[in-house]
Amino acid sequence: MSRKVRLGIIGFGTQGSMYAKFIKNGMVPNMEIGGIVDIHPEKRDAAAKEFNAPVHEDYQSLLAGGDVDAVVTTVPHYLHPEIGIAALKAGIHALVEKPAGVYTKQVRELNEFAGRHPELTFGIMFNQRNNPLYQRIKQIVDAGEIGRIRRTNWIITTWWRPQGYYEQSAWRATWGGEGGGVLVNQAPHQLDLWQWICGTPKSVYSKVAYGFRRDIAVEDEVTAVVDFGDGATGTFVTAVHDLVGTDRLEILGDQGKIVVDGSKSATVTRLVKDERELSDAMGMDDVRKLFMGEMDPTAYYTQEVIEFDSAWGTQHSGVLENFAANILDGTPLLAPGSDGINGVRLANAIHLSSWLGEEVPLDFEEDLYLTELNKRIRSEGKFPERAAATTAG
């Protein structure tokens with residue numbers, strides 16, 4: 001292998017072309033373009049002209065060509081496991097885009113196949129894990145600085161999309177082509193970060209609207225309540241019809257609280273003692289001061305505001321660089337590919353809860369989810385139903 005990882009970019013759309021530009025512009029110093037795949041001739045012509053790289057009309061010819069050490073799958077969601085498995089089977093490292101797939105059964109197959117090939121690097125493009133703000137928040141939570149998590153809420157509605165957005169492609173916002181709406185298109189990063197920082201829920205109950213404010217078959221608004229166990233709960237709210245939009249994450253612990261606004265700044269409150277200890281130690285005079293607005297907050301907590309500057313593109317390019325470094329020298333992955341199933345599983349559970357009208361455990365029956373998904377694909381009448389196993393497996 002050369003000193004640089006030769007990357008094959010499978011899918012030359014918005015993401016694929018962006019990654020190619022990052023590499024061309026030197027933002028990923030340990031990587032070079034080994035080949036580009038797209039099914040559209042005009043995109044292949046544009047890629048060959050701009051990047052002077054071999055182009056292919058299908059991923060199979062790229063994998064067989066011997067020009068790449070690794071691939072990234074910038075293709076529709078259903079194809080990520082299929083192409084990931086095919087790459088690993090060919091002895092080529094795989095970086096899959098988010099989400100790792102549409103339903104857990106296909107993602108589990110990808111994970112199991114990758115697990116049988118530990119000599120190959122398997123990653124996922126969770127670029128928000130490369131956001132220094134969320135990295136710092138995870139450090140604070142993991143270190144126990146706000147105690148045990150008691151409640152966490154994320155409202156993320158900064159995804160406003162007009163009707164024309166959904167009409168640009170026949171596969172978009174369909175069960176058979178995309179596999180869902182806001183949960184599989186816009187929100188996978190938040191579903192990952194939420195669990196990366198706060199842990200995996202045990203169950204979920206959801207109210208989901210399908211085609212509520214947009215003329216689409218899939219979900220455009222979601223409200224989910226999760227149970228983390230031991231009394232800890234959480235809510236996740238997302239939508240595509242809020243023109244102004246809100247991005248606010250709150251994590252309440254028994255010794256503090258973190259509030260993140262706009263994924264740009266975080267206010268961290270650290271209590272001097274456990275909240276119950278502070279409550280039990282308050283006498284009537286303290287209560288009077290509280291009601292009169294005379295309480296001295298510095299006697300109970302400190303606050304810190306955290307902000308980081310992050311240049312556009314560095315989060316994505318950082319994941320590419322980290323992926324290449326893992327291949328070249330074993331640098332630990334920011335986002336191991338096996339983690340991709342977590343967000344898919346939560347999205348599936350949210351869908352399934354709304355379809356069944358009941359609380360659903362995170363270890364739900366995968367065959368039941370696939371059956372319910374195929375009912376909706378069959379009702380659309382536009383795409384083939386999905387199988388339990390990928391064709392590459």
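**Helix 13, its sheet and its partner helix**

Helix 13 lies across strand 8, strand 9 and strand 15. Against strand 8, helix 13 runs at about 70 degrees. Keep in mind that this is a predicted model.

Now look at the sheet beneath these names. Nine strands form an open sheet. Their order is 14-13-12-11-7-10-9-8-15, and the pairing is mixed. Strand 14 (301-307) and strand 15 (360-361) stand at the edges. Each has a single partner strand, so one side of each is left without a neighbour in the sheet.

Zoom in on one pair. Strand 8 covers residues 203-210, and strand 9 covers residues 219-229. The two pair in the antiparallel sense, over eight bridges. Tyrosine 205 stands opposite valine 225 in strand 9.

Next, turn to the helices. Two packed helices are described by the angle between their axes and the distance between the axes. Take helix 5 (residues 104-115) and helix 13 (residues 340-356). Their axes come within 9 Å and cross at roughly 165 degrees. Angles over 145 degrees count as roughly antiparallel, and that makes helix 5 roughly antiparallel to helix 13. The crossing of helix 5 past helix 13 is left-handed.

Which residues make the contact? Helix 5 supplies Thr104, Val107, Arg108 and Asn111. Helix 13 supplies Gly340, Ile341, Val344, Arg345 and Asn348. Sorted by character, the residues of this contact between helix 5 and helix 13 are three nonpolar, four polar and two charged.

So helix 13 ties the two parts of this tour: helix 13 lies across strands of the sheet, and helix 5 passes helix 13 in a left-handed crossing.

Conventions. Residues numbered from 1 in each chain as written. Predicted model: local features only at pLDDT ≥ 70, side-chain atom pairs only at ≥ 80, totals over all residues. Heavy atoms only, no water. Axes fitted to C-alpha atoms, helices over the stretch in contact; angles between N-to-C directions. Helix = DSSP H or I, 4+ residues; strand = E, 2+ residues; numbered from the N terminus. Parallel < 35°, antiparallel > 145°, perpendicular 65-115°, else oblique. Left-handed = near helix turned anticlockwise from the far one by under 90°. Contact = heavy atoms within 4.5 Å. Nonpolar A, V, L, I, M, F, W, Y, C, P; charged D, E, K, R; others polar. Pairing = 2+ DSSP bridges.
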